[in-house]
Amino acid sequence: MDNSIRIEMKLDWLKKVFTCLTLMYLLSYTCLCYGKIKTYEPEKADLERGYFIYEKPTLEQISPSYLPVPREIIRNKISFCASLDEYAPITFSIYALKEFKDVNISVTDLRSGGNIIQGSAVDLRIVKCWKQRDTIEKDKEVIIPELLVKDDRLVLKGYLSSMPLTSYVVTDIPVNTSKQIWLTVKTSKSTIPGNYSGAVIIKPGNGPETRLELNLEVLPIKLLPPSKSYSIYYTGSSFGLPWYVPGVYPDMKTWEEQCRKDLKAIKEYGFQYITTYAPIIGSSKNGKLVLDLSNLGKSLQFHKEAGFTGFTPYIGDYSKIDGKSLHYRDYCKTEEDRKLFFYTIEKVTSETEAFVKQQFDGSIKLFYYGIDEANRNPKRAVYKDAPPPDYAVGVCKEIYEAIHRGGGLTTAAAYRSIADGGFDILGPLNDLPAYNYGSVYPGVSPEEIKKEAGSKKEVWTYWQPWEENPKQNRLLAGFMLWKSGFTGIAPYCSWLAGGGNDPYDEFSGKRPEKNMFIAYPSLEGPIPTLQSEALREGINDVRYLTTLTELIKQEKDTEKARRAQDVIDKILNRISINLGEVLFDISESDLNDFRAEIIHAIMELSDSKTKLLEIPKLSKPLVFNSKLKDIIMHQKLKLPLSETRKIIENKTLVYMGYDDVYLYLAFDCSDSDMDKLVSDKMNKRDGEWEWGDDGIEIFLDPGATGKSYYHLLVNAKGLLCDNYYSSVQNRNIGWDSNTEVKSNLGKEGWTTEIKIPWANIAADTVLPSLWGVNAGRWEPRTCTCQTWALLMNGNFHRPSQFNKVQFNFTPGNYCCELVKFNFGTLSFGNNILTAEIRNNSSEKLDLKAEVKWEFDGCMKSEHVEFSVNPAETKKISLPYKVECKGKDGKLVFNVINLRNNFLCLQKVKFFTVPSTIVKLEADPVSYLSEEQIKLRTIINLSDSDRNNTVLRLSFLAKDKIISKQDIILPSHIIDIPLQTTQLPPGLYSISAELFNEQKQLIETQEIKIKRINNPF
């Protein structure tokens, strides 16, 4: 296959990866929200045991020397979920602090009441890291985590290596390295949904045993077959032509046994169609074409028995007529030969079509292969003697025309372009094209592919799945396929060794080629890899998308259908169809999160969904005293938090209630070791939250949009950090909820009460009744995340997975909407707050808008009263003054309904007033060759006050003024070039003086500048 486009795509991707890694290094591995990432420090129990356990996203490639971060540590439980009739994987890794031998790992039965999933039904594997050729630099050795084996100590060599299929796995783990353990559970259509529990038993030969609780939630979801087609190149059933492994099998029976095992496995991975290369042998010596089709018949019979019917690409290049292969390279030497060649193809196609129709009664439909990746390259071997300007394209055109004359349909791997792939000629003739993904995207729209698919049998895409890139395989078989417009995939390939190498030794062959395996041969059947598992996960992604799409079509409630469709749209908006971009932008965790969001959407639409939780509305406001008793007394609803990966030692209960003014939450957090409580990492309100404190989190999504939400974090001592997320990727730290918090530390735990005003959340919209809500707790010392909603991947920031909660607000209280709002510049001096308020009710509203500002304990306010008619929008403005430089400030904007004095809208802003009005910024050192110094002046002064001030800048040497200029301030930030031509080396000063309109000095600032000789 031609690798030029693939290599170009990969180099583009590598450039982006290099850029990403460079940025990570420069940022010292800082985390976007939570600060510096630290690797896990083993605890006393880990040291005594000699190992610890951690968990990464299932398909992420893990180096044996990888050091996990604290949140990846597993104490005693792993959890995952599966729908009915699904292969569901999960992994964990064991990190050895000393050398361990004969580590035996097994699984018990999984039980849910009286229902059992046998432990023997759990396929345990070890991810083997081994030496491979580099994909680009083929002479270079790299260590790749790839093979999923039962015992990674066994030496594998040749096509009939043995890897006994035990119910357990065994390995050795060298000191300071880890081994990744892979588990796959297969549910059936008849599996009873429920929560199943069992244990993974880890038993080193020279160390203590560990029992890891294994929880599997079998979801009541009946997955539909994928709405896309899945085909794969496979040569193992090409009876009559073991062309790439001569002499491998001792006899025909052994070959057939291996073929059946291969086909069974490929079917289990979700593929529906498969190729064949089985040769036809023919003779025309007696003036009549006589064909022996037994090899093809046997191959197709094996396919049918394994469930592979329908579209079957047939590569007949290895067929022989009168001893010549039915390939252009052997057949065509003269014009007469060429004519005979195309005529022979026509007749072979005609007879083969009749044979397949008779033998298989239409259950199998052959698509005859043209020239693989035909292009207009004049130097391409074999086809370079074809007439210009089309070369291989011209030959392929004539092959396609001959196949059509013989009554057959055509296919081939192709480039969808005119210059490379001859799409102008071959496009109309290719009945089932499989386009090289890189030759289509970027450049072609999905709509164009969909349009083409409407005129063909199908349009597939292919890539090289053996390249040890599991994420690429999952994306191209899953979400990218769904978005791309292609109807299916045909990756190359599942069972082929490049260069005649031993399957398990890429350096054994005569040519520097990689083995093109996504599953490796063994006597017991194919050994899977991360690549093959990724393909299956991609196919399952499409099964989930198909199931959700069908439920949306059947849903009669248009609002529910819209919310579910929004889930799909949001995911697809994250997925670029540019392969380089998506590999850079999307992580393994993202893919797992997408799956979880689809599952939640399916559950909401399906009959098995849970009812909306109705929170009790309180008859009177709660007493806020940090002892919980009043909340518990008035509250009937207790919400226990749970953890998806560990057994919880310190339990958490959440109590929730509300009235028309406030949402109340109380957290009762037990803690058996309060001496180890951490609550000093966040030292002020809205301080930096590094996941270092014990604390709780609250998530509120008005309207249950699954997109935007409000986020409140409170540490154990009661310090609050609140944020607004317009999406998971867009965090606004400037939003303030005006929430009140009280915490109480006890001997056996701690409590936190939280009082959140609805008005500040309702400010930009009419308050809905349906909300997405979640609550969580974080324990840094045990790396335990507790959550109320089921978050399948442990990340709290998954709004589509929040629990759905119903509130019953009094009609009319929240009928105003802030259409536009601006606090002003928040600069020192006189500021103006502006707002546009819309009346969404059917009645005229009499309102009062007020702004309150507090600095250094001094509270002041301004207000205005006005009326707003139904559907009318009223513009208002209110003045306030920022004072007390260097002090914390608070601004509160309220809108009150004068009819009942109800606070219906609120905006709050906490901020710090800068200690200086003028700030000067410049490079402290300049070379003599620089003719000017770039000075930036930042003026922290309100617009009205700034317009009446003058800035005087002076450039000084040894207190002697070199230059001076007065500037009328055009904006808050001013860039001013200061000329320094012919100034000698030495120290200089820049002085700024700010004068008001009465020419009184308001403030002065000064910075130092040093000029030095040029370095060269």
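Biologist: In which order do the strands of the open sheet of five strands stand?

Modeller: The order of strands in a sheet is read from neighbour to neighbour. In this predicted model, the open sheet runs E53-E59-E58-E55-E56, and its pairing is mixed.

Biologist: Which strands stand at the edges, each with a single partner strand?

Modeller: Those are strand E53 (925-927) and strand E56 (960-968); each has a single partner strand, so one side of each is left without a neighbour in the sheet. From one strand to the next, the twist averages 25°.

Biologist: In what sense do strand E55 and strand E58 pair, and over how many bridges?

Modeller: Strand E55 (residues 950-957) and strand E58 (residues 986-995) are antiparallel partners, joined over eight bridges. As for single residues, Arg-952 has Glu-993 of E58 opposite.

Biologist: Let us turn to the interior. How many cavities of 30 Å³ or more does a search of the whole structure find?

Modeller: A cavity is a space from which a probe cannot get out. The search finds 12 cavities of 30 Å³ or more. The second largest cavity has a volume of about 120 Å³.

Biologist: Which residues that line the second largest cavity are the closest to its centre?

Modeller: The lining of this cavity has 13 residues, and the closest to the centre are Arg-563, Val-567, Ala-601, Glu-604 and Lys-804. Helix H13 (558-574) and helix H15 (588-605) are the elements that give two or more residues to the lining.

Biologist: What is the make-up of the lining of the second largest cavity by class?

Modeller: Five of its residues are nonpolar, four are polar and four are charged.

Methods:
Residues are numbered from 1 along each chain as its sequence is written. This is a predicted model: local features need pLDDT of at least 70, side-chain atom pairs count only at pLDDT 80 or more; totals for chains, interfaces and linings use all residues. Side-chain values use heavy atoms; hydrogens and water are left out. On a 1 Å grid over the protein atoms alone, a cavity is a set of points where a 1.4 Å probe fits but cannot get out, and a pocket is an open set with protein on both sides within 12 Å along at least five of seven lines; lining residues have an atom within 4 Å of a point. Grid points are joined across faces, edges and corners, and a volume is the space filled by probe spheres set on the points. Helices (H or I, at least four residues) and strands (E, at least two) are DSSP runs, numbered from the N terminus. Ala, Val, Leu, Ile, Met, Phe, Trp, Tyr, Cys and Pro count as nonpolar, Asp, Glu, Lys and Arg as charged, and the others, Gly among them, as polar. Two strands pair if DSSP finds at least two bridges between them. Axes are lines fitted to C-alpha atoms, for helices over the stretch in contact, and angles run from 0 to 180 degrees between N-to-C directions.
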